Amino acid sequence: TLRKPISQSSMADWASKNLNMHTQGIFRRRISISNMLSWNGGSIKKPMLITSNRTIKKEACEMFKLVQSYMGDRQTRMDRNHVALVTVTKCWSMQGLRDELYIQLIRQTTDNTCYRSLAWGWELMAISLAFFSPSPKFQSYLEGYIYRHLDSDENIAQRMKELVDLKNKKNSKSRKKRKQNTEDEGLPISTYAKYCYRKLQKVAVTGGKKGLRKPTVEEITHARNAIVTPSLFGSSLEEIMLRQQDLYPGNKLPWVQTQLSQQVLALGGEQTEGIFRIPGDIDEVNALKLQVDQWRIPSSLSDPNIPASLLKLWYRELEEPVIPQQFYKECISNYENPDAAVAVVQLLPELNRLVLCYLIHFLQIFAQPSNVGRTKMDVNNLAMVMAPNCLRCQSDDPRIIFENTRKEMSFLRMLIVHLDTSFIKGLV
């Protein structure tokens, strides 16, 4: 989990040290921090953040136009999907632009009087968080900003009304160029904020999209849809089962778990050397993840390492691990006692117990001597690669983490060897 969000005074202090203060007018007066961090309808002539990189300086100004285009504040011939793709690809390819994009989005979603523009700004932030994280030094600042919007819908509406009234007084004799709109168009801002908050916590740990392939329009669309429709990856087991209720009402287990497990076996995974240890091609894994999130398994798969890698990722990214945190101490306390280890499994909530038993039954297939001869993955190796996906140590102390890693592996080994999972056969 992330640190507690920093206070607004600390954020103002951070901004004063890191913002690349802009000037205006013929006397080049410096713009205040509050104006630097308020919606702007014009263009910018230099980056929002201090940088000495010439490429970043140039790209930052162009990116601000892209942000305005996505939010509907600047006319463009590109559709919004393509604008998002260009923006995200720039930042994904160029690490130095990432914080710049997030600070630009903070600016354009602050004191914005058009609800549609505001919502689209938050939407672009949510999409961006699916591909890359802010830098560690900027992380707390962004988290603090998002945190303040978790329950802010009434405040936003009130602030919009105040700003519109103020502008109306100033512009009473002239027609306003920008359409003022305080009506709800789309989702409440708090919905975006809650999604971004969870997404930031995950991407800060995982680091975002990996691989060599650049982002695609399909991934942009998927990232946008995930705001309303949670992904099968990174959600809780309960959420996943709720989502599949309409498609697979009779299933007792998550569809994603059973389908990926069956794919590994269908492609001969139990006869593949290094299965679960050798990672599948990361771009192929990303492509499969996208399809699985749309409830599709492609028929073109040939390498069992790809569904095996995605299966490990699914377990690892669960919002709460298969073995919930409250049972962690019991697990590492009973890592040498087969009966006690099995007893812990019986204490788990029913859904967690079924999901864990299915996994152990699956691993027991690979632990059979006839398969170990081919895979070179005996019960110790299987426990080593799968334990981190089932148990999560909450300590920050490297010594405790190191010591507990050994106990986690031993606990999972006990289950693979001693847990009776015969009842799981045929269960879906």
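## Helix packing, buried residues and a pocket in a predicted chain

Isoleucine 306 lies in helix H14, which covers residues 305–317; helices (H or I, at least four residues) and strands (E, at least two) are DSSP runs, numbered from the N terminus. The model is a predicted one, in which local features need pLDDT of at least 70 and side-chain atom pairs count only at pLDDT 80 or more, while totals for chains, interfaces and linings use all residues. Residues are numbered from 1 along each chain as its sequence is written, and side-chain values use heavy atoms, with hydrogens and water left out.

### The chain as a whole

The chain has 20 helices and 2 strands, and its C-alpha atoms fill a box of roughly 85 × 45 × 40 Å, taken along the principal axes. Of its 428 residues, 51% count as buried, where buried means under 20% relative accessible area, exposed means over 50%, and partly exposed lies in between (1.4 Å probe, protein chains only). Among the contacts with a separation of 6 or more, 78% are accounted for by residues 24 or more positions apart, a contact being heavy atoms within 4.5 Å.

### Isoleucine 306 and helix H14

With a relative accessible area of 7%, isoleucine 306 is buried. Once its neighbours within four places in sequence are left aside, isoleucine 306 is in contact with Gly280, Asp281, Glu284, Val285, Leu288 and Leu301. Phenylalanine 138, by comparison, is 168 residues from isoleucine 306 in sequence and 34 Å from it in space, C-alpha to C-alpha.

The axis of H14 also comes within 7 Å of that of helix H19 (residues 379–390), and the two cross at roughly 35°; axes are lines fitted to C-alpha atoms, for helices over the stretch in contact, and angles run from 0 to 180 degrees between N-to-C directions. Here Lys312, Tyr315 and Arg316 in H14 meet Val385, Met386 and Asn389 in H19. By class, this contact has 3 nonpolar, 1 polar and 2 charged residues, with Ala, Val, Leu, Ile, Met, Phe, Trp, Tyr, Cys and Pro counted as nonpolar, Asp, Glu, Lys and Arg as charged, and the others, Gly among them, as polar.

### Helices H17 and H20

The axes of helix H17 (residues 350–366) and helix H20 (residues 398–418) come within 9 Å and cross at roughly 75°. That makes H17 roughly perpendicular to H20, on a scale where angles under 35 degrees count as roughly parallel, over 145 as roughly antiparallel, 65 to 115 as roughly perpendicular and the rest as oblique. From H17, Leu356, Ile360, Leu363 and Gln364 meet Leu412, Leu415 and Ile416 of H20, so that 6 nonpolar, 1 polar and no charged residues make up the contact by class.

### Buried charged residues around H6 and H10

Glutamate 123 lies in helix H6 and, at 8% relative accessibility, counts as buried. Not counting residues up to four places away in sequence, glutamate 123 touches Tyr70, Arg80, Tyr192, Arg224 and Ile227. Arg224 is itself one of the buried residues of helix H10 (residues 217–225), along with Glu219, Ile220, His222 and Ala223. The buried residues of H10 pack against helix H3 (54–70), helix H4 (80–93), H6, helix H9 (189–206) and helix H13 (282–292).

### Loop residues

Most residues other than glycine have a negative phi. Two exceptions are tabulated here.

| Residue | Loop | Phi | Relative accessibility |
|---|---|---|---|
| Tryptophan 295 | between H13 and H14 | near 60° | 18%, buried |
| Lysine 376 | between helix H18 (369–375) and H19 | about 60° | 48%, partly exposed |

A further loop residue, glutamine 95, lies between H4 and helix H5 (98–108) and is exposed, with a relative accessible area of 60%.

### The second largest pocket

About 540 Å³ of space lies in the second largest pocket, a volume being the space filled by probe spheres set on grid points that are joined across faces, edges and corners. On a 1 Å grid over the protein atoms alone, a pocket is an open set of points where a 1.4 Å probe fits, with protein on both sides within 12 Å along at least five of seven lines, and lining residues have an atom within 4 Å of a point. The lining comprises 24 residues, of which Thr110, Asp111, Tyr145, Arg148 and His149 lie nearest the centre, and it divides into 13 nonpolar, 8 polar and 3 charged. Helix H8 gives the most to this lining, with 5 residues.
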